[in-house]
Amino acid sequence: MSRVPAVAVVGFPNVGKSALVNRLAGGREAVTDAEPGVTRDRKRLRCEWNGVRFDLVDTGGIDLDDQAELARDVQRQARLAMEEADVVLLVADARAGLRAGDAELAATLRGASNPVLVVANKVDRPVDEPLASELHGLGLGEPLPVSATHGLGTGDLLDRIVALLGDRPAREEAGEAVRIAVVGRPNVGKSSLVNAMLGAERVIVSERAGTTRDAIDTELEVEGRLAILVDTAGLRRRSKVAGTVDHYAQLRSERAVERADVALVVCDATEGVTAEDLRAAELAMRAGCATLLALNKWDVTATDIDDARARVVRKLRLRPEVVTCSALRGRNVATLLPKAIGLADRAAERIPTPELNRFVADVVAASSPPARRGKRLRLYYAAQVGERPPRIAIQINDRRLISRAWAFYLENRLREEHDLQGVPLVIDFVPKRRSK
């Protein structure tokens, strides 16, 4: 799998890095807000310009004078992004002029082996372009005036980026990647688990709840399969985050689940499976996403695993598997990604029509379908008409004869027969058309 060229976007806090990344990538994936310090982790967004594909790497604001623990973590993530990048964009606020923080960061970049472009952001009108001239003092060449808000100068910036990237090898096709979203309540250890699965400190970990605000995608290879692991912000009740920056982080977490093949719902084993954990799993089910529950922090608890599994079976229609792990100790971490990929594969499989009809006949023989006023439900023919999630159409004589209990019984038997625990199933009961 050849690497896509990377362009790191760095700068002092609140200079508009995430807004610029959104503008260049043509979307609104990176969280933006007037509050400084919103971006913390490295977030990669795919971009294409004039046929050249590359990744934009959004980073947190770098203030070298800030010695707080979280600030140092943000700085370390940004430095890693710069080390891995093919081109670095140093973004500064042209309206604020040349600041000490910009100069300090520029000094660290002057000795970089990769090319650096100075981007003078917030030049929102052509008459403001002379404001960029002050940034010559950074000693990194001609500043490029742009406006992330209005798009001014962004085409010229993309031209320069593509010219610096030069002729890069085309990305090898490695098959469709399996998207695995790591979701759950705040502070249950999602980021720690992501780092443990990757074997590197890819995302910031803190005891402070709500540290992760973006959905952070990381590509990796698992047993020869391409996967995209997505760390997400903690899911809360929407009423608790309304009107805050966390509201947008919540929306991106929900979108990450909607785009994923599998949701790995991380729970805190010291608390067991809570109502909020079940709500996260329900969100995945409604999005048509296969689900696996992981009880993290298993090294510090004596939670009754059988009770937790029974609660999940009782409360969740998907009946997902519940596994235990410890991001801190590494217990069972290596098994999570293969399990998730296997679950995605089962969700994508097609059940042969003869096999499906034999199954329906066996279910009918084991438990008679419901009857009403002397008329019994009859099932004539079954076929799978969709996948991801699997969709089964069954021809019947009269939909009014179906009982909710018997439909659930059929669904649960199908899960057991084809190992579809944790996979959303859609069963359509279609009245048989009478021939004229």
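Is R125 buried, partly exposed or exposed? In this predicted model, R125 has a relative accessible area of 49%, so the residue counts as partly exposed. The cut-off for exposed is over 50%.

**Salt bridges**

R125 forms a salt bridge with D128, and the closest N and O atoms of this pair are 3.1 Å apart. The partner D128 is buried, at a relative accessible area of 15%. This pair therefore joins a partly exposed arginine to an aspartate that falls under the 20% limit for buried residues.

The structure holds 19 salt bridges. Three of them are set out below, with the distance between the closest N and O atoms and the relative accessible area of each residue.

| Pair | Closest N and O atoms | Relative accessible areas |
|---|---|---|
| R125 and D128 | 3.1 Å | R125 49%; D128 15% |
| D419 and R346 | 3.6 Å | D419 40%; R346 21% |
| K375 and D398 | 3.4 Å | K375 39%; D398 10% |

The salt bridge between D419 and R346 links distant parts of the chain: D419 sits in the loop between α12 and β17 (426–431), R346 belongs to helix α10 (residues 333–348), and 73 residues separate them. D419 is partly exposed, and R346 is partly exposed too, at 21%. Since buried means under 20%, the value of 21% places R346 in the partly exposed class.

K375 forms a salt bridge with D398. This pair also links distant parts of the chain, with K375 in strand β14 (residues 375–376) and D398 in the loop between β16 (391–396) and α12, 23 residues apart. K375 is partly exposed, whereas D398 is buried.

Salt bridges also occur as a network, which links R185, E271 and D277.

**A mixed sheet of six strands**

How are the strands of the open sheet ordered? The 6 strands follow the order β2-β3-β1-β4-β5-β6, and their pairing is mixed. The edges are taken by β2 (43–49) and β6 (144–145); each has a single partner strand, so one side of each lacks a neighbour in the sheet.

At the β2 edge, the partner is strand β3 (residues 52–58), to which β2 is joined by 7 bridges in an antiparallel arrangement. Within this pairing, R46 stands opposite D55 in β3.

Elsewhere in the sheet, strand β4 (residues 87–93) pairs with β5 in the parallel sense, over 6 bridges. Here V88 stands opposite V116 in β5.

Why is strand β5 (residues 116–121) described as largely enclosed by the rest of the structure? The reason is that 6 of its 6 residues are buried. The cover extends to both faces of β5: V116, V118 and A120 are buried on one side, and L117, V119 and N121 are buried on the other.

**A negative surface patch**

Which residues form the negative surface patch? The patch is made up of E355, D362, E416 and E417. Two helices, α11 (353–366) and α12 (404–418), are the elements that give two or more residues to it. E416 is one of the patch residues and lies in helix α12.

Helix α12 also borders both loops named above: D419 is in the loop between α12 and β17, and D398 is in the loop between β16 and α12.

Key: Residues numbered from 1 in each chain as written. Predicted model: local features only at pLDDT ≥ 70, side-chain atom pairs only at ≥ 80, totals over all residues. Heavy atoms only, no water. Patch = residues over 30% accessible without salt bridge, like charges linked within 9 Å, V, L, I, M, F, W, Y side chains within 5 Å. Areas by Shrake-Rupley, 256 points an atom, 1.4 Å probe, with all protein chains shown as cover. Salt bridge = Lys/Arg side-chain N within 4 Å of Asp/Glu carboxyl O. Lys, Arg positive; Asp, Glu negative; His and termini not counted. Charge placed at Lys NZ, Arg CZ, Asp CG, Glu CD. Helix = DSSP H or I, 4+ residues; strand = E, 2+ residues; numbered from the N terminus. Pairing = 2+ DSSP bridges. Buried < 20%, exposed > 50% of the residue type's maximum accessible area, 1.4 Å probe, protein only.
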